[in-house]
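Got your viewer open? Let's take a short walk from ring to ring.

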Amino acid sequence: MAEGVVPTSGLVDRHIAFVEALRGAGLPVSLSEGLDAVEAWRALDWADRSAIRAGYAATLLKRPAQRPTFDALFDLYFPHLVGEGLATLDPDAEDPAADRAIDPARDNAEAIAAFRDRLAADLEAELRAGSGADPGAPDATEPADGGEPTAALQRLAAEAVGRFGAMPGRQPGQTAYSAYQTLRRLAPAELADRLTAGLLADADSAAMDPAARQVAERRAARGIGRFTRLVEDDARRRIAERKSPAYVADVAVRPTIDRVAFTAARRDDLEEMRRQIGPLARRLATRLAKQRSAQGRGPLDFRRTVRASMSTGGVPSRPATDRSGPTAPTSWCCATSAARWRTSRSSRCC
C-alpha cells in the first residue's frame, strides 16, 4: 500500500449510496440529516443490527409512513447475511466446477414435506415466545407485531430460498433465486390451520370459544406473513449481491405512497392512501370552516345563486351565500300567574 493512503472499509460509500437510494424512493433526506446519522455511529454498537436500524430511522425519517420503504432499502444495503450465510445452503455444492448442479435429495417431495414440518414447528415456537400468556387462554391478547424477527426464522427463510427457490443459469455463477417459486412450492399459507390447532392444543375446554380461536387465527396469519416477507427479502438480498443494491431498489422497492401513480396502485396502496387522506381531509375541512366563519359567510344559498345567474346567461359566476347571523335563542319560562299569557320574540311565558 502506498504511503499516505488511508485504508477504507467502504462503510462511508455504502452510507452515501443508502442515503441516495432513500432520496430516489421519495424520502426527503437532507445533508445535515445524513451527517447526523454518521455522528450517531459513534454511540451505536455495530454488532447489534437492530440498533443500527433504529439509529438510521431516528435521524433520517420524518413520518411513520416512510418506515416500510426505509426498512426495505436498509435490508438491501445492510443485509443480515452475506452470500449463503450457511455453507450447507450452496445449491452448487455438488458440482463446484459446473456451478449449477443441485442435489436432488435436497429438493424433492420428501424434502418439502420435512421442511414444512420444521417451518410449522418454528413458527409455532416463535408465536408462543412472542406472547407471555398462554396462546389458548380465554383472556389471551395478541402480541404487538414489530421488531426484528428471530435468527432462527431468518435462517429458515434463507434455507428455503437456497433450496427451493434456486434456478440454475446457463453459465456457471449465474444461479438466480425466486421468492415466488419458493412460496409456491412450500405453500406456507396452507399451514394456518395447523398453527391455529397448535396454539390451542394446550388450552382447556373453556378456551375453545370463538373469540380465542379468532385470536389464534390472526396470530397464525401474522406469523405466516412474516415468514413470507422474510423469503421475499432474502430473494431481493441475493439479487442485490449478484447485481447491485441500486438495481433492486429501482425495480423491486415500492416508493412512498405519495409517489405511487393511481394507475399502478395496488389494493394495499389504495387502502394506505385512504388512511393518509382521511386526517388530511379533516384538517382541510376544519381550516376551511374557520376561514368561512371569519369571513362571515354561511352555506351556499341555491335560490339566490340561481336568481343572480340570470344576469349572466345562467352561469353562476357569483355564488350567493347565506349571510344571516345567529338568531336570538328561544327560551321558555313559566309565569306565576295563569291568568295572563305573555309572548315576546325571544321568550314565551305560560
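Start by selecting Phe 78. With a relative accessibility of 11%, Phe 78 is under the 20% cut-off, so it counts as buried. Keep in mind that you're looking at a predicted model.

Next, add Tyr 56 to your selection. Tyr 56 is buried too, at 2% relative accessibility.

Now for some ring geometry. A pair of aromatic rings is described by how far apart the centres are and by the angle of the planes. By the pairing rule used here, the model has 11 aromatic pairs.

For one pair, select Phe 18 and Tyr 77. Are these rings stacked or tilted? Their centres are 5.9 Å apart and their planes sit at 55 degrees, so the pair is tilted. Colour the helices and you'll see that this pair links distant parts of the chain: Phe 18 is in helix α1 (residues 11–24) and Tyr 77 is in helix α4 (residues 67–77), 59 residues apart. Phe 18 is buried at 0% relative accessibility, and Tyr 77 is buried at 5%.

Go back to Tyr 56 and Phe 78. Their ring centres are 5.5 Å apart with the planes at 35 degrees, so this pair is tilted. Tyr 56 belongs to helix α3 (residues 49–60), while Phe 78 lies in the loop between α4 and α5 (109–129), so the pair ties together parts 22 residues apart in sequence.

Zoom out a little and select Phe 18, Trp 41, Tyr 56, Phe 70, Phe 74, Tyr 77 and Phe 78: they form one aromatic cluster.

Last stop: pick Arg 238 and Tyr 177. The charged end of Arg 238 sits over the Tyr 177 ring, 4.5 Å from the ring's centre.

Conventions:
Residues are numbered from 1 along each chain as its sequence is written. This is a predicted model: local features need pLDDT of at least 70, side-chain atom pairs count only at pLDDT 80 or more; totals for chains, interfaces and linings use all residues. Side-chain values use heavy atoms; hydrogens and water are left out. Rings of Phe, Tyr and Trp (its six-membered ring) pair if their centres lie within 6.5 Å; planes under 30 degrees apart count as stacked, over 60 as edge-to-face and the rest as tilted. Helices (H or I, at least four residues) and strands (E, at least two) are DSSP runs, numbered from the N terminus. Buried means under 20% relative accessible area, exposed over 50%, partly exposed in between (1.4 Å probe, protein chains only). A charge sits over a ring if NZ of Lys or CZ of Arg is within 6 Å of the ring centre and within 35 degrees of the ring normal.
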